[in-house]
Structure formats: structure tokens, C-alpha cells
Amino acid sequence: MSLLPIELVSLSGDQLVTDSRRVAQHFSKDHKSVLRSIDRLDCTADFRRRNFAQTVEHRRNPSGGRPIASRVVTMTKDGFMFLAMGYGGHEAALIKEAYINAFNTMAEQLERRDLSLMRRLLDHELRDKDSKQRGSFAGKMLKTRSTEKRHLINEERALRVEAQPALFQLVKGGS
């Protein structure tokens, strides 16, 4: 059985899920039978709340009228496993294994992505802190330069004024 993980599992918020439509398709069951099986699961209300979510999907109306609202149940890996335990036979075993592998593969990819993202965030934080420190240092240096520049300009003016008569005399005396 060669099913791609993305065909079996998707990401909803920060959680990997599958849904009753996919389960029906891959286990070759009617969707209403899968929904009935979910409704009849003998699990606690808390387990059901954490692992199964009722949604509505609008599908195309075969007669061309308004789209038809259909109940679809999304489920976590644990919810899927609880449901799939009731499915038997060799083909069902292969599909269960494919689903479990898909959940695990996608979880590993998300973990790697999250680790990579964390590394990038930490690197950004360090670069930002360094940039702020350099900016602060540069800001202090710019302030010092601004103060020094005013003094240097004033000193240069005074020196030019003082040098003007001597230059003027040199030019006059040299002609």
C-alpha cells in the first residue's frame, strides 16, 4: 500500500488530524457507516471531546442545486486508533499501519520544522540584541562626535580668524 502521509493526515491548528471522509475512503466504507461507528464508540465523554470534533462540510449537489451540508468528524491519532481498532482483516491492517506511519512521519516533520524555527528565532533574538548593543554604542559615539564636532568647528573658526590677518599680510607683503 503506497499512500502518501498527506493523503491520510492533515494539520489543523497545531494538531495532526484525519477525518471520517478519509477513513471511509481508505477503508472502503460508506461515510455514514464510519459516522455511525464513531457515534457508537464506547469511550468516555472526555476522550471523545479531546479526540473527535464534529464539523460540517459543504459538498456539491449532484442534481446541481444548493451545496449539501454534510457532517464530518475530524479526529486525532488517538481517536483514529480507537476507531480503527474495530476494523479487521488484512487490508484494514495495512491501512491502519499506513495511517499510523503517516501520523508519525508528519509529527517528525513538524518537530524538525519547529526545532528549525526555534533555532531561527533564537538566532534572530541574538542578532537583534547584538544590533541593539552596537546601535547603542554607535549612538553614544554619534552623540560624542556631535559634541566634539561643535567644539572643533568653533576651534577651526577661531584659528581661521586668527590666521586671516597673517595670511593677508603675507599676500600683501609678497606682492
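**Exercise 1. Place Thr-76 in the fold and list its contacts.**

Solution.
Step 1. Start with the contacts: beyond its neighbours within four places in sequence, Thr-76 touches Gln-15, Leu-16, Arg-50, Asn-51 and Phe-103. The model used here is predicted.
Step 2. Now find the residue. Thr-76 sits in the loop between strand 4 and helix 5.
Step 3. Check its accessibility. Thr-76 has a relative accessible area of 7%. The cut-off for buried is under 20%. Thr-76 is therefore buried.
Step 4. Look for a polar partner. The side chain of Thr-76 makes a polar contact of 2.5 Å with the side chain of Asn-51.

**Exercise 2. Work out which residues surround Ser-70, and which of them its side chain meets in polar contacts.**

Solution.
Step 1. Locate the residue. Ser-70 belongs to strand 4, residues 68-75.
Step 2. Judge its exposure. With a relative accessible area of 8%, Ser-70 is buried.
Step 3. List the contacts. Setting aside neighbours within four places in sequence, Ser-70 is in contact with Arg-21, Thr-55, Val-56, Glu-57 and Arg-59.
Step 4. Pick out the polar contacts. One joins the side chains of Ser-70 and Arg-59 at 2.7 Å. Another links the side chain of Ser-70 to that of Arg-21 at 3.4 Å.

**Exercise 3. Draw the strand order of the sheet and mark its edges.**

Solution.
Step 1. Write down the order. The open sheet has 4 strands, arranged 1-2-4-3, with antiparallel pairing.
Step 2. Mark the edges. Strand 1 (10-12) and strand 3 are the edge strands, since each pairs on one side only.
Step 3. Add the twist. From one strand to the next, the twist averages 45°.
Step 4. Zoom in on one pair. Strand 2 (residues 15-19) and strand 4 run antiparallel and are joined by 2 bridges. Thr-18 stands opposite Met-75 in strand 4.

**Exercise 4. Describe how helix 3 and helix 5 lie on the strands. Then find the buried face of helix 5.**

Solution.
Step 1. Take helix 3, residues 31-39. Helix 3 lies across strand 3 and strand 4, at about 50° to strand 4.
Step 2. Take helix 5. It crosses strand 2, strand 3 and strand 4, and runs at about 100° to strand 4.
Step 3. Name the buried residues. In helix 5 (residues 77-84), these are Gly-79, Phe-80, Leu-83 and Ala-84.
Step 4. Look down the axis. The buried residues of helix 5 fall within an arc of 125°, so they line one face of the helix.
Step 5. Recall the general rule. An α-helix has 3.6 residues a turn, so residues three or four places apart point the same way.

**Exercise 5. How many salt bridges are there? Examine three of them.**

Solution.
Step 1. Give the count. There are 5 salt bridges.
Step 2. Begin with Asp-19 and Arg-22. Their side chains form a salt bridge of 3.9 Å, N to O. Asp-19 is buried at 15% relative accessible area. Arg-22 is buried too, at 18%.
Step 3. Turn to Glu-57 and Arg-21. Their side chains form a salt bridge of 2.6 Å, N to O. Glu-57 is in strand 3 (residues 52-59) and Arg-21 in helix 2 (residues 20-26), so the pair ties together parts 36 residues apart in sequence. Glu-57 is partly exposed at 32% relative accessible area. Arg-21, at 25%, also counts as partly exposed.
Step 4. Finish with Asp-46 and Arg-50. Their side chains meet at 3.0 Å, N to O, in a salt bridge. The two residues are 4 apart in helix 4 (residues 45-51), so about one helical turn separates Asp-46 from Arg-50. Asp-46 is partly exposed at 35%, and Arg-50 is partly exposed at 44%.
Step 5. Extend the picture. Salt bridges with shared partners join Asp-46, Arg-49 and Arg-50 into one network.

**Exercise 6. Compare the separation of Ala-107 and Gln-15 in sequence with that in space.**

Solution.
Step 1. Locate Ala-107. This residue is in helix 6, residues 90-174.
Step 2. Classify its exposure. At 35% relative accessibility, Ala-107 is partly exposed.
Step 3. Set the two separations side by side. Ala-107 and Gln-15 are 92 residues apart in sequence, while their C-alpha atoms are 9.0 Å apart in space.

Methods
Residues are numbered from 1 along each chain as its sequence is written. This is a predicted model: local features need pLDDT of at least 70, side-chain atom pairs count only at pLDDT 80 or more; totals for chains, interfaces and linings use all residues. Side-chain values use heavy atoms; hydrogens and water are left out. Buried means under 20% relative accessible area, exposed over 50%, partly exposed in between (1.4 Å probe, protein chains only). A polar contact is a pair of N or O atoms within 3.5 Å; within protein, one must be able to donate a hydrogen and the other to accept it, and residues adjacent in sequence count only if both atoms are side-chain atoms. Contact means heavy atoms within 4.5 Å. The arc is that of the directions from the helix axis to the C-beta atoms. A salt bridge is a side-chain nitrogen of Lys or Arg within 4 Å of a carboxyl oxygen of Asp or Glu. Two strands pair if DSSP finds at least two bridges between them. Axes are lines fitted to C-alpha atoms, for helices over the stretch in contact, and angles run from 0 to 180 degrees between N-to-C directions.
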